[in-house]
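Q: I am new to this model and would like a close look at one part of it. Please start from that part and then relate it to the rest of the chain.

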Amino acid sequence: MTLGEDLEAWRLHRVHEVRRPARQWPWVLVALVVIVCTGLIAVPASWAVRRQLEAERGETTPESAAKVWLLQLSAGEELGLSRVLAEPRHDELRQQWRDYREEMTGSRRPPSKLESVGPSVIEHQGDDRATVTEQVRAVWWDGPHLLAGTAHPWRWELRKDDGGWRVWSVDLPPWCGVHVRADVCRR
């Protein structure tokens, strides 16, 4: 081999060495992108799944399930209501909630909030069933003045399933004629 041939062989060998790592970089880059994307997707996805499972759980006590139902009605917010409704009666209970909310807001002076007064009466009936009775009244704010209506009994029947306590039925007094005068309601 001549010096020229040796130089040419060395140059080709060096070119090969330089090019070989260049071919590996795309695979390393792809692997890094896959790892990063998997982490970026997996973390929010696992968080979302965990939150959904938590949202599907009922409440730990019958009283808290009834309170969630009442608070959601007071706020006019359906979000979060489904988790305390018994699945076999979900649609019927949601419609009852909507109808009552519509009756409340349909009066000339809808309440600022609903509140329970006094202690809750909880009757455990065995077999994962209970009833909760609350004395509920409407409250209106008019600037610095506060007007509170008369409290009336509201009764929830609750059942416990694998996820917790859920509302099975609600026995409510009519809004118009009980919580507010009948002539205040629009008909």
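The part I have in mind is the loop between strand 1 and strand 2, together with the two strands on either side of it. What is the phi of D127, and which side chains of the two strands meet in a salt bridge?

A: The model is a predicted one, and every value below is computed from it. Some context comes before the loop itself. The chain has 187 residues, with 3 helices and 5 strands. Along the sequence the order is α-α-α-β-β-β-β-β. The loop you ask about therefore sits in the strand part of that pattern, between strand 1 (113-126) and strand 2 (129-142).

Two residues of this loop deserve attention, D127 and D128. Most residues other than glycine have a negative phi. D127 departs from this, with a positive phi near 50°. D128 is not a glycine either, and its phi is also positive, at about 60°. As for cover by the protein, D127 has a relative accessible area of 73%, so it is classed as exposed. D128, at 44%, is classed as partly exposed, because it falls between the 20% and 50% limits.

From the loop, the next step is to the strands that flank it. The side chains of E115 and R137 form a salt bridge, with 2.6 Å from N to O. E115 belongs to strand 1 and R137 to strand 2, so this pair ties together parts that are 22 residues apart in sequence. The two partners fall in separate accessibility classes: E115 is buried, with a relative accessible area of 18%, while R137 is partly exposed at 26%. The 18% of E115 counts as buried because the limit for that class is under 20%.

This is one of 10 salt bridges in the structure. Among the others is the pair E157 and R159, whose closest N and O atoms are 3.4 Å apart. E157, like E115, counts as buried, with 18% relative accessibility. R181 and D183 form another pair, with a closest N to O distance of 3.0 Å. Here R181 is exposed at 55%, and D183 is partly exposed at 48%. In addition, E78, R94 and R98 are joined in a network of salt bridges.

Strand 2 also has a place in the interior. The largest nonpolar core has 30 residues, and strand 2 is one of the elements that give two or more residues to that core. The other elements on that list are helix 2 (62-75), helix 3 (90-106), strand 4 (152-161) and strand 5 (164-171). Helix 2 gives the largest share, 6 residues. The residues with the most contacts inside the core are W69, L73, L114, W154, W156, V167 and W175.

One member of that group, W175, shows how parts of the chain that are separate in sequence come together. Leaving aside neighbours within four places in sequence, W175 is in contact with Y100, E103, M104, S107, P111, L114, A138, W140 and V180. L114, another residue with many contacts in the core by the ranking above, is thus among the partners of W175. For the chain as a whole, among contacts between residues at least 6 apart in sequence, 58% join residues at least 24 apart.

The next residue after W175 takes part in a link of another kind. C176 and C185 form a disulfide, their sulfur atoms 1.8 Å apart. A disulfide is a covalent bond between the sulfur atoms of two cysteines. The structure holds 1 such link. The angle about its S-S bond is -105°, and the link is left-handed. Both cysteines, C176 and C185, are buried.

Away from the strands, helix 1 (residues 3-56) offers a contrast to the buried core. V28 is found in helix 1 and is partly exposed, with a relative accessible area of 39%. Together with W25 and L32, V28 forms a nonpolar patch on the surface, with about 330 Å² of accessible area for the three. The accessible surface of the chain comes to about 12,500 Å², and 58% of that belongs to carbon and sulfur atoms. Buried residues make up 32% of the chain.

To return to your request: the loop holds D127 and D128, with positive phi values near 50° and of about 60°, and the strands on either side of it are tied by the salt bridge of E115 and R137.

Terms used:
Residues are numbered from 1 along each chain as its sequence is written. This is a predicted model: local features need pLDDT of at least 70, side-chain atom pairs count only at pLDDT 80 or more; totals for chains, interfaces and linings use all residues. Side-chain values use heavy atoms; hydrogens and water are left out. Patches are made of residues with over 30% relative accessible area and no salt bridge: like charges are joined within 9 Å, nonpolar side chains (Val, Leu, Ile, Met, Phe, Trp, Tyr) within 5 Å. Accessible areas come from the Shrake-Rupley method with a 1.4 Å probe; for residues, only the protein chains shown count as cover. A salt bridge is a side-chain nitrogen of Lys or Arg within 4 Å of a carboxyl oxygen of Asp or Glu. Helices (H or I, at least four residues) and strands (E, at least two) are DSSP runs, numbered from the N terminus. Buried means under 20% relative accessible area, exposed over 50%, partly exposed in between (1.4 Å probe, protein chains only). A disulfide is a pair of cysteine sulfur atoms within 2.5 Å. Contact means heavy atoms within 4.5 Å. A nonpolar core is a set of buried Ala, Val, Leu, Ile, Met, Phe, Trp, Tyr and Cys residues joined through side-chain atoms within 4.5 Å.
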